[in-house]
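Visitor: I would like a short tour of this protein chain. Please show me the model, then let me ask about it.

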Amino acid sequence: MKLNKAFATRVRELLKEKNMTQYKLAQLTGLYHSTMTDILNCKYQTPNFKNMSLIIKELGVSYIEFFDSPVFDFDNLELD
């Protein structure tokens, strides 16, 4: 799985778990809704670290909690 897909998958998991919409997440992060949609639909090869950090922060989890997921199995993660 590519990194952008793993990131989007994990965000969607947490949105569902927290009963939050991607629109609400975009509002909380200050990102445009279209940017959030592009990130979650993997339009970017890799979301930039600033946007990733904003999203993780507003989901209310630490980096460790966010990346401690089977979707980030680094043996099967495509990093290029």
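Visitor: Is N4 buried or exposed?
Guide: This is a predicted model, where local features need pLDDT of at least 70, side-chain atom pairs count only at pLDDT 80 or more, and totals for chains, interfaces and linings use all residues. Residues are numbered from 1 along each chain as its sequence is written, and side-chain values use heavy atoms, with hydrogens and water left out. Buried means under 20% relative accessible area, exposed over 50%, and partly exposed in between (1.4 Å probe, protein chains only). N4 has a relative accessible area of 5%, so N4 is buried.

Visitor: Which residues is N4 in contact with, leaving aside its neighbours within four places in sequence?
Guide: N4 lies in helix α1. Helices (H or I, at least four residues) and strands (E, at least two) are DSSP runs, numbered from the N terminus. Contact means heavy atoms within 4.5 Å. Leaving aside neighbours within four places in sequence, the partners of N4 are C42, Y44, Q45 and P47.

Visitor: Which residues does T35 contact, with the same neighbours within four places in sequence left aside?
Guide: T35 is found in helix α3. At 15% relative accessibility, T35 counts as buried. Beyond four places in sequence, T35 is in contact with Y44 and N51.

Visitor: Which helix gives the most to the largest nonpolar core?
Guide: A nonpolar core is a set of buried Ala, Val, Leu, Ile, Met, Phe, Trp, Tyr and Cys residues joined through side-chain atoms within 4.5 Å. The largest one has 22 residues, and F7, V11, L25, I55, L59 and F66 have the most contacts inside it. At least two residues of this core come from each of α1 (3-17), α2 (22-29), α3 (33-40) and α4 (49-58). The helix that gives the most, with six residues, is α1.

Visitor: Which residues does L59 touch, not counting those up to four places away in sequence?
Guide: L59 is among the residues with the most contacts inside the largest core. Not counting residues up to four places away in sequence, L59 touches V11, L14, L15, K18, L25 and F66.

Visitor: Which helices do the buried residues of α4 pack against?
Guide: The buried residues of α4 are N51, M52, S53, I55 and I56. They pack against α1, α2, α3 and α5 (63-67).

Visitor: How do α2 and α4 lie to each other, roughly parallel or roughly perpendicular?
Guide: Axes are lines fitted to C-alpha atoms, for helices over the stretch in contact, and angles run from 0 to 180 degrees between N-to-C directions. The axes of α2 and α4 come within 9 Å and cross at roughly 110°. L25, L28 and T29 of α2 meet L54, I55 and E58 of α4. Angles under 35 degrees count as roughly parallel, over 145 as roughly antiparallel, 65 to 115 as roughly perpendicular and the rest as oblique, so α2 and α4 are roughly perpendicular.

Visitor: What is the phi of N19?
Guide: Most residues other than glycine have a negative phi. N19 is found in the loop between α1 and α2. N19 is exposed, with a relative accessible area of 75%. Its phi is positive, near 50°.

Visitor: What is the phi of C42?
Guide: C42 sits in the loop between α3 and α4. At 25% relative accessibility, C42 counts as partly exposed. C42 is a residue other than glycine with a positive phi, near 60°.

Visitor: Which residue just after α4 takes a positive phi?
Guide: The phi there is about 75°. The residue is G60.
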